[in-house]
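User: I'm new to reading protein models and would like to understand the labels people use. Could you take me through some of them, step by step?

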Amino acid sequence: MFDSKEKFERRIYEQGDTIFEEGQPGTAAYLLISGKVNIGLGMKGESPRVLATLEKGKILGEMALFDKHPRMASAIAVEKTEAIRISREEFRGRLNSTDPVMRSVLTIMVKRIRDLSKELAELKRTDWRSG
């Protein structure tokens, strides 16, 4: 799938390791080769909230490939996890060789997804069922 000439880095995370933290600058995405990762809000606080659990074949932190906004959530390894780190620079270099119209469409889509994700995260921060 990936050969050694490509600029991807394999990383191993042990159970409980933080892959990235909410609020940090995002510089890469991670393709999960094995293991499980919780994506959540306030993961190091008193009332952490898991939004999703991702497994083999899923990608996390992908918004960082498109823009320089802070991470919207944290990613914590639930068990020993192997991932391939894809840097923004490598991704952008590859993206720059595509059609400019397609790049513009992707940029718009990412902004919309980020806006919707913020709204969803805010709903999940509050207990909207108790209203």
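**Labels and the values behind them**

Analyst: Happy to! Keep in mind that this is a predicted model. Let's begin with Arg-114: its relative accessibility is 5%, and buried means under 20%, so Arg-114 counts as buried.

User: Where is Arg-114 found, and which residues does Arg-114 touch?

Analyst: Arg-114 belongs to helix H2, which covers residues 100-125. Leaving aside residues up to four places away in sequence, Arg-114 touches Met-63, Asp-67, His-69, Pro-70 and Met-72.

User: What makes the link between the side chains of Arg-114 and Asp-67 a polar contact?

Analyst: The two side chains come to 2.8 Å, and the cut-off for a pair of N or O atoms is 3.5 Å. The value is within that cut-off, so the pair earns the label polar contact.

User: How many aromatic pairs are there, and how is such a pair described?

Analyst: The count comes to 3 aromatic pairs. Two things describe a pair of rings: how far apart the centres are and the angle between the planes.

User: Why is the pair of Phe-66 and Phe-91 called edge-to-face?

Analyst: Their ring centres are 5.1 Å apart, and rings pair within 6.5 Å. Their planes stand at 70°, while edge-to-face asks for over 60 degrees. Both tests are passed, so the pair is edge-to-face.

User: What does the pair of Phe-66 and Phe-91 tie together?

Analyst: Phe-66 sits in the loop between strand S6 (59-60) and strand S7 (74-77), and Phe-91 sits in helix H1 (residues 88-95). These parts are 25 residues apart in sequence, so the pair ties them together across that separation.

User: Are Phe-66 and Phe-91 buried, partly exposed or exposed?

Analyst: Phe-66 has 22% relative accessibility and Phe-91 has 21%. Partly exposed lies between 20% and 50%, so Phe-66 is partly exposed, and Phe-91 is partly exposed too.

User: Which residues do ring pairs link into a cluster?

Analyst: That cluster holds Tyr-13, Phe-20 and Tyr-30. Phe-20 has a charged partner as well: the charged end of Arg-71 sits over its ring, 3.8 Å from the ring centre.

User: How many helices and strands does the chain have, and how do they run from the N terminus?

Analyst: There are 2 helices and 8 strands. From the N terminus on, the order is β-β-β-β-β-β-β-β-α-α. To finish, 32% of the chain's 131 residues count as buried, and Arg-114 is one of the buried residues.

Methods
Residues are numbered from 1 along each chain as its sequence is written. This is a predicted model: local features need pLDDT of at least 70, side-chain atom pairs count only at pLDDT 80 or more; totals for chains, interfaces and linings use all residues. Side-chain values use heavy atoms; hydrogens and water are left out. Rings of Phe, Tyr and Trp (its six-membered ring) pair if their centres lie within 6.5 Å; planes under 30 degrees apart count as stacked, over 60 as edge-to-face and the rest as tilted. Helices (H or I, at least four residues) and strands (E, at least two) are DSSP runs, numbered from the N terminus. Buried means under 20% relative accessible area, exposed over 50%, partly exposed in between (1.4 Å probe, protein chains only). A charge sits over a ring if NZ of Lys or CZ of Arg is within 6 Å of the ring centre and within 35 degrees of the ring normal. A polar contact is a pair of N or O atoms within 3.5 Å; within protein, one must be able to donate a hydrogen and the other to accept it, and residues adjacent in sequence count only if both atoms are side-chain atoms. Contact means heavy atoms within 4.5 Å.
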